[in-house]
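Reader: Could you walk me through the model I have open here? I would love to go through it one question at a time.

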Amino acid sequence: MLSLMRTQVGIIGAGPAGLLLSHLLHLRGISSVVLEKRSREYVERRVRAGVLEQGTVDTLAEAGVGERMLREGLPHHGIELRYGGAGHRIAFERLVPGRAITVYGQQEVVKDLIAARLAAGGEIRFEVPDVAVHDLDTDTPSITFQGERLECDFIAGCDGFHGVSRRSIPEGALTVYDRTYPFAWLGILAKVKPSTEELIYAYNDEGFALHSMRGPEISRFYLQVPPDASLDDWPDERIWAELKNRLETVPGFELATGPILEKGITPMRSFVAEPMRYGRLFLAGDAAHIVPPTGAKGLNLAAADVRVLAEAIGHWYETGSADLLDRYSEVCLKRVWRAQHFSWWMTTLLHTFDTDDAYGRRLQRSYLDYVTSSEAAATTLAENYVGIPFEPFGSLGA
Ligand code: APR
Ligand code: PHB
């Protein structure tokens with residue numbers, strides 16, 4: 001016999017989406033339980049991306065979980081596009097005044113959210129291996145796990161691309177759009193002072209490279225590698241040699257190297273499942289959509305989804321009206337497809353496709369020349385990169 005628990009919102013997944021949703025609901029006096037497959041230590045140490053849009057920074061700060069982010073995060077007012085032996089700055093302060101990005105690791109956001117949830121008496125169950133969802137198309141959906149049944153009014157599927165939520169939606173109820181890319185990213189975290197003030201996106205005939213960072217002593221790098229590359233092929237010396245080869249392409253720039261703390265390979269895919277809802281199950285973040293990391297949109301889309309979902313659920317409890325819930329998917333998908341296009345565009349602009357498509361490379365070069373010389377084109381990149389302002393939704397202002 002399963003022992004019964006009750007909450008208002010059952011949340012699957014303790015990534016940025018699930019944890020932020022739980023906190024935003026808490027601020028509205030709505031209870032939730034977060035169920036996470038991995039351990040706390042694992043989710044707090046998992047190195048992922050680290051660029052926060054203006055809107056994400058504002059959302060975390062307004063939710064009272066931004067104190068460390070504002071103290072330790074690095075506000076950046078531009079990025080560099082590096083190609084053809086020169087660097088070209090995209091100046092956010094001129095192109096999108098008042099909007100910037102903040103470089104702050106995703107795992108730091110997760111740590112801050114877990115600390116805030118637990119400090120507020122929030123319930124997070126870690127190491128829950130066997131989550132299953134039930135009765136999604138009824139008013140009393142539930143989640144079973146480890147001999148327990150959690151009855152709730154709503155289930156939020158925040159369990160990422162490989163989670164159980166989306167997979168529990170009946171065949172045919174979703175339409176899936178996807179695209180894969182003929183390369184992957186090898187990402188490293190290194191104990192070395194960044195060799196740049198701002199992020200460098202490098203287009204190079206050998207392949208793309210990105211110089212990012214996590215703080216004054218920690219750098220983050222990414223290299224375009226073949227889709228089937230394995231870490232065995234990439235000893236540390238080869239990684240540094242290739243980063244130097246692709247980044248030391250402008251006079252006077254020398255890349256500092258140091259001990260590699262962590263490395264991993266990420267496949268590159270674009271994916272959207274529509275609608276982002278089935279009955280009382282609402283999908284948010286990577287459970288509903290994946291973007292290639294070139295536009296640094298994954299974490300920001302997850303935060304934008306749950307900002308809308310918390311408002312819609314709050315409106316339902318306050319008024320009994322499902323209006324906002326019924327608009328959740330359409331409102332989120334508008335922002336999702338904007339980010340999908342921008343991420344696909346940045347990926348196809350900056351990566352080398354190993355087809356002998358000389359015409360295609362000329363097009364890439366022409367667009368790089370255009371986006372680094374036309375105010376209009378640079379503004380398009382800048383406004384998408386720092387994040388399109390939120391649209392009004394319910395009581396949420398722009
Ligand atoms: N049961 C419980 N938890 C699960 C299950 C399951 N069956 N499957 C996955 N999870 C957990 C994962 O262990 C992970 O901690 O769900 C969480 C999903 O978190 P993320 O993958 O971080 O997804 P999301 O919160 O949507 O954040 C999106 O994460 O992957 C990055 O680039 C992505 O930046 C984006 C962000
Ligand atoms: C990162 O810092 O991890 C990062 C930065 C920019 C990207 C992707 C990842 O586009």
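**Around ligand 2**

Author: Gladly! In this predicted model, an oxygen atom of ligand 2 lies 3.4 Å from a backbone N or O atom of Gly50.

Reader: Which residue has a side-chain N or O atom 2.7 Å from an oxygen atom of ligand 2?

Author: Pro293 also has a polar contact with an oxygen atom of ligand 2, at 2.8 Å, but there the protein atom is a backbone N or O. For a side-chain N or O atom at 2.7 Å, the residue to look at is Arg214.

Reader: How much of the accessible area of ligand 2 does the protein cover?

Author: On its own, ligand 2 has 280 Å² of accessible area. The share of that area covered by the protein is 99%.

Reader: Which strand gives the largest share of the shell around ligand 2?

Author: The shell has 15 residues, and Tyr201, Ser212, Arg214, Tyr222 and Pro293 come nearest. By type, the shell holds nine nonpolar, three polar and three charged residues. At least two residues each come from strand 16 (209-215) and strand 17 (218-225). The largest share, three residues, belongs to strand 16.

**A pair of helices**

Reader: Is helix 8 roughly parallel or roughly antiparallel to helix 9?

Author: Helix 8 (residues 298-319) packs with helix 9 (residues 323-350), and their axes are 9 Å apart at an angle of about 165 degrees. Angles over 145 degrees count as roughly antiparallel. Therefore helix 8 is, relative to helix 9, roughly antiparallel.

Reader: And is the crossing left-handed or right-handed where helix 8 passes helix 9?

Author: Handedness adds one more detail to this pair. Where helix 8 passes helix 9, the crossing is right-handed.

Methods:
Residues are numbered from 1 along each chain as its sequence is written. Chains are lettered from A and ligands numbered from 1 in the order in which they are written. This is a predicted model: local features need pLDDT of at least 70, side-chain atom pairs count only at pLDDT 80 or more; totals for chains, interfaces and linings use all residues. Side-chain values use heavy atoms; hydrogens and water are left out. A residue is near a molecule or strand if one of its heavy atoms lies within 4 Å of it. A polar contact is a pair of N or O atoms within 3.5 Å; within protein, one must be able to donate a hydrogen and the other to accept it, and residues adjacent in sequence count only if both atoms are side-chain atoms. Accessible areas come from the Shrake-Rupley method with a 1.4 Å probe; for residues, only the protein chains shown count as cover. Helices (H or I, at least four residues) and strands (E, at least two) are DSSP runs, numbered from the N terminus. Ala, Val, Leu, Ile, Met, Phe, Trp, Tyr, Cys and Pro count as nonpolar, Asp, Glu, Lys and Arg as charged, and the others, Gly among them, as polar. Axes are lines fitted to C-alpha atoms, for helices over the stretch in contact, and angles run from 0 to 180 degrees between N-to-C directions. Angles under 35 degrees count as roughly parallel, over 145 as roughly antiparallel, 65 to 115 as roughly perpendicular and the rest as oblique. A crossing is left-handed if the near helix is turned anticlockwise from the far one by less than a right angle, and right-handed if clockwise.
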